[in-house]
Amino acid sequence: MYDIRDGTEADLQALFRVRQTHALLEQYVLDAQTSLTRFVVCEHEQEILGFAELVFEVRGRKAQSMLLPRFNDLFVVPTARNRGIGTALIAALESATLERGFTMLYCSVDPVTNHRALALYRRLGYQPVSPVPERKQEVFFDAWGEVQEHVYWRLELVKRLDGPPTTAPRGHPRPLETTDIAFIVYCA
Ligand SMILES: CC(C)(COP(=O)(O)OP(=O)(O)OC[C@H]1O[C@@H](n2cnc3c(N)ncnc32)[C@H](O)[C@@H]1OP(=O)(O)O)[C@@H](O)C(=O)NCCC(=O)NCCS
């Protein structure tokens, strides 16, 4: 059985075997000691198979500020995918969100390159906030000092956690398909 629990510093070496983003994983563990994030891992037979981070983002300024719960990283080792671990990690973050008194949970995905995550979020009841994904552009210097440009897309999704269950059965036709996304990107 899979054990979904909070990730700690003691898990770091095992986490580095899952994904080689050492600095980021160290940051997740560190941030999880504050009240603004939660970091969960999936453990099976003393092996870490995946992780996810929930962040309560501060939006707005001072008196008007509010917290917006979002999961911003979700990862399952390639050999353990399609066994329900991603679903279980998201379910744990949804419970953590509800426990804190929030009823909406946000996430985002690149709908052009990550059909798999998009399909999972849609199946679990996450709905696009807007019909058109946002075009993002990053300009950076590569290792040779050359200016590089990276263009990608983000689709923001949200789920109401206190409504009736919205999970569609596996294989259920999804309202948004790959062809729709190609069309949306073309129009944008
Ligand atoms: C996206 C990701 C986290 C999904 O993790 P996962 O553990 O494979 O997710 P699940 O197993 O819960 O669900 C994946 C599929 O397996 C199916 N599935 C779930 N449990 C299953 C089971 N017991 N038996 C067979 N299939 C199952 C689900 O129906 C789902 O299908 P769907 O996507 O068509 O709805 C994983 O692919 C990953 O780490 N990708 C790289 C990182 C990434 O893209 N993260 C998201 C960034 S936005």
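**Exercise 1. Helix α4**

Which strands are included in what covers the buried residues of α4? Work out how those residues are arranged as well.

*Solution.*
- Step 1. This is a predicted model, so read every value as computed.
- Step 2. List the buried residues of α4: Leu118, Tyr121 and Arg122.
- Step 3. Look down the helix axis. The buried residues of α4 fall within an arc of 100 degrees, so they line one face of the helix.
- Step 4. Recall the helix repeat. An α-helix has 3.6 residues a turn, so residues three or four places apart point the same way.
- Step 5. Look at the cover. It includes β5 (104–109) and β8 (147–160).
- Step 6. Step past the end of the helix. Just after α4, glycine 125 takes a positive phi of about 100 degrees.

**Exercise 2. The whole chain**

Describe the fold of the chain by its elements, its burial and its contacts.

*Solution.*
- Step 1. Count the elements. The secondary structure comes to 5 helices and 8 strands.
- Step 2. Put them in order. Along the sequence the pattern reads β-α-α-β-β-β-α-β-α-β-β-β-α.
- Step 3. Check burial. Of the 188 residues in the chain, 24% are buried.
- Step 4. Check the reach of the contacts. Take those between residues at least 6 apart in sequence: 61% of them join residues at least 24 apart.

**Exercise 3. Strands β1 to β4**

Follow the pairing from β1 to β4. How many bridges join β3 to β4?

*Solution.*
- Step 1. Start with β1 (residues 3–6). It runs antiparallel to β2, and 4 bridges join the two. Aspartate 3 has glutamate 43 in β2 as its bridge partner.
- Step 2. Move to β2 and β3. These strands are antiparallel too, with 8 bridges between them. Here valine 41 stands opposite phenylalanine 51 in β3.
- Step 3. Inspect the hairpin of β2 and β3. It has 2 residues between the strands, and glutamate 45 takes a positive phi near 50 degrees.
- Step 4. Go on to β4. β3 and β4 run antiparallel, joined by 10 bridges. Arginine 59 stands opposite methionine 66 in β4.
- Step 5. Inspect the hairpin of β3 and β4. It has 6 residues between the strands, and glycine 60 takes a positive phi near 80 degrees.

**Exercise 4. Helix α2**

Sort the residues of α2 into a buried side and an exposed side. Which elements do the buried residues of α2 pack against?

*Solution.*
- Step 1. Find the buried residues in α2 (residues 22–31). They are Leu25, Tyr28 and Val29.
- Step 2. View the helix end on. Its buried residues fall within an arc of 95 degrees, so they line one face of the helix.
- Step 3. Turn to the face pointing away from the buried side. It carries the exposed residues Ala23, Leu24 and Leu30.
- Step 4. Name the packing partners of the buried residues: α1 (12–18), β2 (37–44) and β3.

**Exercise 5. The nonpolar core**

Which strand gives the largest share of the largest nonpolar core?

*Solution.*
- Step 1. Size the core. It has 33 residues, and Val40, Ala52, Phe71, Leu89 and Leu93 touch the most other members.
- Step 2. Find the source. Strand β3 (residues 47–59) gives the largest share, 6 residues.
- Step 3. Examine valine 40. Set aside its neighbours within four places in sequence. Valine 40 is then in contact with Ile4, Arg5, Asp6, Gly7, Phe51, Ala52, Leu89, Ala92 and Leu93.

**Exercise 6. Around the ligand**

Describe the shell around the ligand. Which element supplies its largest share?

*Solution.*
- Step 1. Pick out the nearest residues. Of the 18 around the ligand, Arg81, Gly84, Ile85, Gly86 and Thr87 come nearest.
- Step 2. Find the elements. β4 (66–76), α3 (85–99) and α4 (115–123) each supply at least two residues of the shell.
- Step 3. Settle the share. The largest, 5 residues, comes from α4.
- Step 4. Sort by character. The shell divides into 8 nonpolar, 5 polar and 5 charged residues.

**Exercise 7. Histidine 150**

Is histidine 150 buried or exposed?

*Solution.*
- Step 1. Place the residue. Histidine 150 is in strand β8.
- Step 2. Count its neighbours. Histidine 150 has 9 C-beta neighbours inside 10 Å, so it counts as exposed. The cut-off for exposed is 12 or fewer.
- Step 3. Relate it to lysine 136. Histidine 150 and lysine 136 are 14 residues apart in sequence and 8.2 Å apart in space, C-alpha to C-alpha.

Key. Residues are numbered from 1 along each chain as its sequence is written. This is a predicted model: local features need pLDDT of at least 70, side-chain atom pairs count only at pLDDT 80 or more; totals for chains, interfaces and linings use all residues. A nonpolar core is a set of buried Ala, Val, Leu, Ile, Met, Phe, Trp, Tyr and Cys residues joined through C-beta atoms within 7 Å. A residue is buried if 20 or more other C-beta atoms lie within 10 Å of its own, exposed if 12 or fewer, and partly exposed in between; C-beta atoms are placed from the backbone. Two residues are in contact if their C-beta atoms, placed from the backbone, lie within 7 Å. A residue is near a molecule or strand if its C-beta atom, placed from the backbone, lies within 6 Å of it. Ala, Val, Leu, Ile, Met, Phe, Trp, Tyr, Cys and Pro count as nonpolar, Asp, Glu, Lys and Arg as charged, and the others, Gly among them, as polar. The arc is that of the directions from the helix axis to the C-beta atoms. Two strands pair if DSSP finds at least two bridges between them.
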